[in-house]
Amino acid sequence: MILMLIALLPELAYAHGVAEGDKGYIQEITGVHVISFIYLGAKHMVTGYDHLLFLFGVIFFLYRPKHIGIYVSLFAFGHSTTMLLGVYFGWNVSSYLIDAIIGLSVVYKALDNIGTFQRWLGFQPNTKAATLIFGFFHGLGLATKILDYNISSDGLIPNLLAFNVGVEIGQLLALAAILILMGYWRRTKSFWRYAYTANVIMMAAGFLLVGYQLTGFFVSA
């Protein structure tokens with residue numbers, strides 16, 4: 001699991017983008033394309049390293065299916081809401097700043113997992129509220145990318161809904177894979193030995209994404 005996180009580090013800078021081939025497809029088509037947008041949504045989620053890292057952090061110490069379902073549902077609700085509204089209403093927000101906040105969501109979850117807030121600040125943030133709020137930012141990050149590609153208004157709502165269905169399908173697939181890997185890892189002695197290290201690596205990955213996006217923001221200004 002730790003090696004997997006290390007392997008993801010070089011890719012974080014591109015975590016929230018849409019592939020160039022998909023970009024061209026989105027720009028060229030008009031009308032309703034439900035299956036295509038379901039595929040694009042699922043593909044985005046399973047290749048979105050920022051999403052996967054955040055989900056990994058969220059479920060890191062969750063064992064009961066009920067608790068996992070609550071947190072994943074909060075994240076999905078937040079992600080879906082701002083993605084749909086952001087594209088529909090054309091919210092013009094800097095993708096660099098949004099992606100920097102997404103990087104901070106990964107940092108936050110890593111710090112939360114290692115108990116930093118309780119030790120340093122003497123209080124525990126509301127983890128459910130934080131998951132929902134960061135879900136809003138994750139969805140807004142994707143909305144800014146879709147808007148950059150000038151998606152056609154012809155068939156916009158059905159295509160967006162299909163894309164969102166795909167995102168949720170992709171999230172369930174990614175979550176299943178993460179839970180399977182975590183299930184095996186948790187049964188080994190190395191889990192508690194390396195749990196702290198894994199979260200430190202995750203935090204470093206989040207800071208890497210923040211630094212990259214802020215650099216892009218100031219360079220492009």
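**Helix packing and cores in a predicted model**

Let me begin with a pair of helices: H4 and H6 cross in a left-handed sense, and I should say at once that what we are looking at is a predicted model. On the H4 side the contact is made by Asp50, Leu53, Phe54, Gly57 and Val58, and on the H6 side by Ile102, Ser105, Val106, Lys109 and Asn113. The two helices pack with their axes 9 Å apart and at an angle of about 20°; since angles under 35 degrees count as roughly parallel, that makes H4 roughly parallel to H6.

Turning to the interior, the largest nonpolar core has 31 residues, of which Phe56, Phe60, Met182 and Trp185 touch the most other members. Two or more residues of this core come from each of helices H4, H5, H6, H8, H9 and H10. Apart from that core lies another, of 17 residues, and Leu40, Leu142, Tyr149 and Phe163 are among them.

Leu40 brings me to helix H3, where the buried residues are Phe37, Leu40, Gly41, Ala42, His44 and Met45. As for its length, helix H3 runs over residues 34–47, and at 1.5 Å a residue its 14 residues should span 20 Å, which agrees with the end C-alpha atoms being 20 Å apart.

Finally, a residue in helix H9, which covers residues 156–186: is Gln171 buried or exposed? With a relative accessible area of 3%, Gln171 is buried, and, leaving aside residues up to four places away in sequence, Gln171 touches Met45, Leu55, Val72, Phe75 and Ala76. Met45, as I said, is itself one of the buried residues of H3.

Technical notes:
Residues are numbered from 1 along each chain as its sequence is written. This is a predicted model: local features need pLDDT of at least 70, side-chain atom pairs count only at pLDDT 80 or more; totals for chains, interfaces and linings use all residues. Side-chain values use heavy atoms; hydrogens and water are left out. Buried means under 20% relative accessible area, exposed over 50%, partly exposed in between (1.4 Å probe, protein chains only). Contact means heavy atoms within 4.5 Å. A nonpolar core is a set of buried Ala, Val, Leu, Ile, Met, Phe, Trp, Tyr and Cys residues joined through side-chain atoms within 4.5 Å. Helices (H or I, at least four residues) and strands (E, at least two) are DSSP runs, numbered from the N terminus. The expected span of a helix is 1.5 Å times one less than its number of residues. Axes are lines fitted to C-alpha atoms, for helices over the stretch in contact, and angles run from 0 to 180 degrees between N-to-C directions. Angles under 35 degrees count as roughly parallel, over 145 as roughly antiparallel, 65 to 115 as roughly perpendicular and the rest as oblique. A crossing is left-handed if the near helix is turned anticlockwise from the far one by less than a right angle, and right-handed if clockwise.
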